[in-house]
Amino acid sequence: MDLDKAFYKSVFKTLFSDSCTVRYWDGEEETYGTSTSKFTFVLCEPLAKTKFMKDPSLAFGEAFMQKKIEIEGNLQEALTSIFNSQESFMRKSMPHKKPIQLFSNNAKARQQNIEHHYDIGNDFYKLWLDETMTYSCAYFKTEDDSLVIAQKNKIDHILKKLCLSPSDSLLDIGCGWGDLIISAAKKYQVKALGITLSKEQFGSVQARIAEEQLQDSVEVQLVDYRALAGRTFDRIVSVGMAEHLGKSNIPKYFAQIQALLNNGGVSLLHCITGLAEDGTNSWVNKYIFPGGYIPSVAELVLAISKEKFNLLDLESLRRHYAKTLELWAINFENALPEISKNKDEEFIRMWRLYLNVFAANFRSGNIDIHQFLFTKGINDKIPWTRDYIYQ
């Protein structure tokens with residue numbers, strides 16, 4: 001028997017939590033499990049055993065991108081089955097998982113990392129995001145909510161948690177395409193500043209502010225949050241930005257929030273989280289989010305406590321992000337006729353894998369997402385119960 005095939009047969013025995021069929025490059029098929037196979041994993045050609053053993057996530061991701069691996073059946077279900085298997089190489093608990101990679105996340109590196117992902121082009125994101133151009137976890141009040149309704153729910157949910165009043169000053173760190181700051185200004189009459197490192201997003205938000213004639217209440221800047229000086233805010237929010245900080249910058253982030261937030265001020269952090277301080281895998285860091293790091297809940301709570309913030313509320317939205325990514329993946333596939341005009345097949349397969357692997361991660365509980373609500377000092381103006389969030 002081919003030694004590489006023998007190696008992969010040993011891997012596939014524990015790779016999936018469901019029954020599956022594996023088809024090898026020479027046409028041989030083998031079924032694992034006791035029930036009917038839900039999907040077929042196809043090795044189109046032999047993969048280098050040494051590369052796989054050195055870094056399985058990178059080897060798997062690149063092989064999929066290069067069509068050396070195919071999955072027949074529902075891709076997301078197959079990936080979820082991999083994450084659900086406690087013995088799978090994709091689980092963070094595997095003993096051969098590489099140590100956390102510490103990336104440089106100084107101002108220049110962070111700018112380049114953000115550009116890598118977010119400056120692909122507004123036209124690309126418009127093809128599969130909803131009309132609000134919100135690129136973060138939505139909030140589904142019912143399973144039947146459309147993506148656009150769920151994204152509006154999410155903005156409303158966050159703004160209610162912040163307990164805004166007219167004339168409050170609001171800072172949004174990593175403002176994306178600006179829907180949160182614009183909604184806050186229109187609904188709560190606050191003065192809002194959004195900051196981003198993406199030139200594409202910056203230009204789009206500028207145009208929208210002008211189009212809606214909100215120049216007196218909404219501002220956007222192309223600046224790193226660490227470069228803000230001389231201004232303080234009543235409310236600070238950050239949605240989907242902390243994952244780009246890097247492990248060493250998490251304490252520095254909360255120290256900067258301490259400096260930027262007024263006494264009694266309220267801040268909300270919306271962030272992907274892990275069960276342990278495992279970071280992200282090397283395929284994600286190389287191709288999707290360079291310099292990214294997924295912190296643990298304990299790590300973030302400790303950083304919040306060290307800055308003497310008062311933690312008011314902690315909410316998991318794991319199922320919401322799984323559904324958000326599922327809908328993005330559907331939209332992405334529906335937009336392929338347009339996407340393929342400007343992107344090659346390897347790019348398309350990379351993004352297909354990214355959207356589905358993250359959906360599977362959340363669906364299996366391998367990662368989570370939380371909203372942390374905290375104040376600088378005591379704020380007794382916030383209502384006694386959480387009813388104000390759900391009214």
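**Notebook: charged pairs, aromatic rings and a helix crossing**

I began with E72 and found this residue to be partly exposed, with a relative accessible area of 37%. I keep in mind throughout that I am reading a predicted model.

**Entry 1, E72 and its partner.** I next looked for the residue that E72 pairs with, and found that its side chain meets that of R23 in a salt bridge, at 2.9 Å from N to O. E72 belongs to strand β4 (residues 69-72) and R23 to strand β1 (residues 20-23), so this contact ties together parts that lie 49 residues apart in sequence. R23, at 24% relative accessibility, also comes out as partly exposed. For the wider picture I noted the total for the structure, which is 25 salt bridges.

**Entry 2, E70 and R349.** Staying in the neighbourhood of E72, I turned to E70 and found a salt bridge to R349, whose closest N and O atoms are 3.4 Å apart. Because E70 sits in strand β4 and R349 in helix α15 (residues 345-364), the pair ties together parts of the chain separated by 279 residues in sequence. I then asked myself whether each partner is buried or exposed. E70 is partly exposed at 23% relative accessible area, whereas R349 counts as buried at 4%; the cut-off for buried is under 20%.

**Entry 3, E212 and K186.** I recorded another salt bridge between the side chains of E212 and K186, at 2.8 Å from N to O. E212 lies in the loop between α9 (199-211) and β7 (218-222), while K186 lies in helix α8 (residues 179-188), so the pair ties together parts 26 residues apart in sequence. E212 has a relative accessible area of 28% and is partly exposed, and K186, at 49%, counts as partly exposed too. I also wrote down a network in which K5, K9, D26, E28 and E30 are joined by salt bridges that share partners.

**Entry 4, aromatic pairs around Y125.** My search of the whole structure for aromatic pairs gave 37 of them. One of these is formed by Y125 and W128, which are tilted, with 5.7 Å from centre to centre and 45° between the planes. Y125 is buried, at 0% relative accessibility, and W128 is likewise buried at 0%. Y125 also pairs with W351, here in an edge-to-face arrangement with centres 6.0 Å apart and planes at 75°. That pair links distant parts of the chain, with Y125 in helix α6 (residues 122-126) and W351 in helix α15, 226 residues apart. I checked the setting of this pair and found both Y125 and W351 buried.

**Entry 5, charges over rings.** I returned to R349, already noted for its salt bridge with E70, and saw that its charged end sits over the ring of F64, 4.4 Å from the ring centre. Elsewhere I found K343 lying over the face of F124, at 5.9 Å from the centre of that ring.

**Entry 6, a helix crossing.** At what angle do helices α7 and α8 pack? I read an angle of about 60° for α7 (residues 147-161) and α8, with 10 Å between their axes, and the two are therefore oblique to each other. Their crossing is right-handed. Helix α8 is also where K186 of the third entry lies.

Terms used: Residues are numbered from 1 along each chain as its sequence is written. This is a predicted model: local features need pLDDT of at least 70, side-chain atom pairs count only at pLDDT 80 or more; totals for chains, interfaces and linings use all residues. Side-chain values use heavy atoms; hydrogens and water are left out. A salt bridge is a side-chain nitrogen of Lys or Arg within 4 Å of a carboxyl oxygen of Asp or Glu. Helices (H or I, at least four residues) and strands (E, at least two) are DSSP runs, numbered from the N terminus. Buried means under 20% relative accessible area, exposed over 50%, partly exposed in between (1.4 Å probe, protein chains only). Rings of Phe, Tyr and Trp (its six-membered ring) pair if their centres lie within 6.5 Å; planes under 30 degrees apart count as stacked, over 60 as edge-to-face and the rest as tilted. A charge sits over a ring if NZ of Lys or CZ of Arg is within 6 Å of the ring centre and within 35 degrees of the ring normal. Axes are lines fitted to C-alpha atoms, for helices over the stretch in contact, and angles run from 0 to 180 degrees between N-to-C directions. Angles under 35 degrees count as roughly parallel, over 145 as roughly antiparallel, 65 to 115 as roughly perpendicular and the rest as oblique. A crossing is left-handed if the near helix is turned anticlockwise from the far one by less than a right angle, and right-handed if clockwise.
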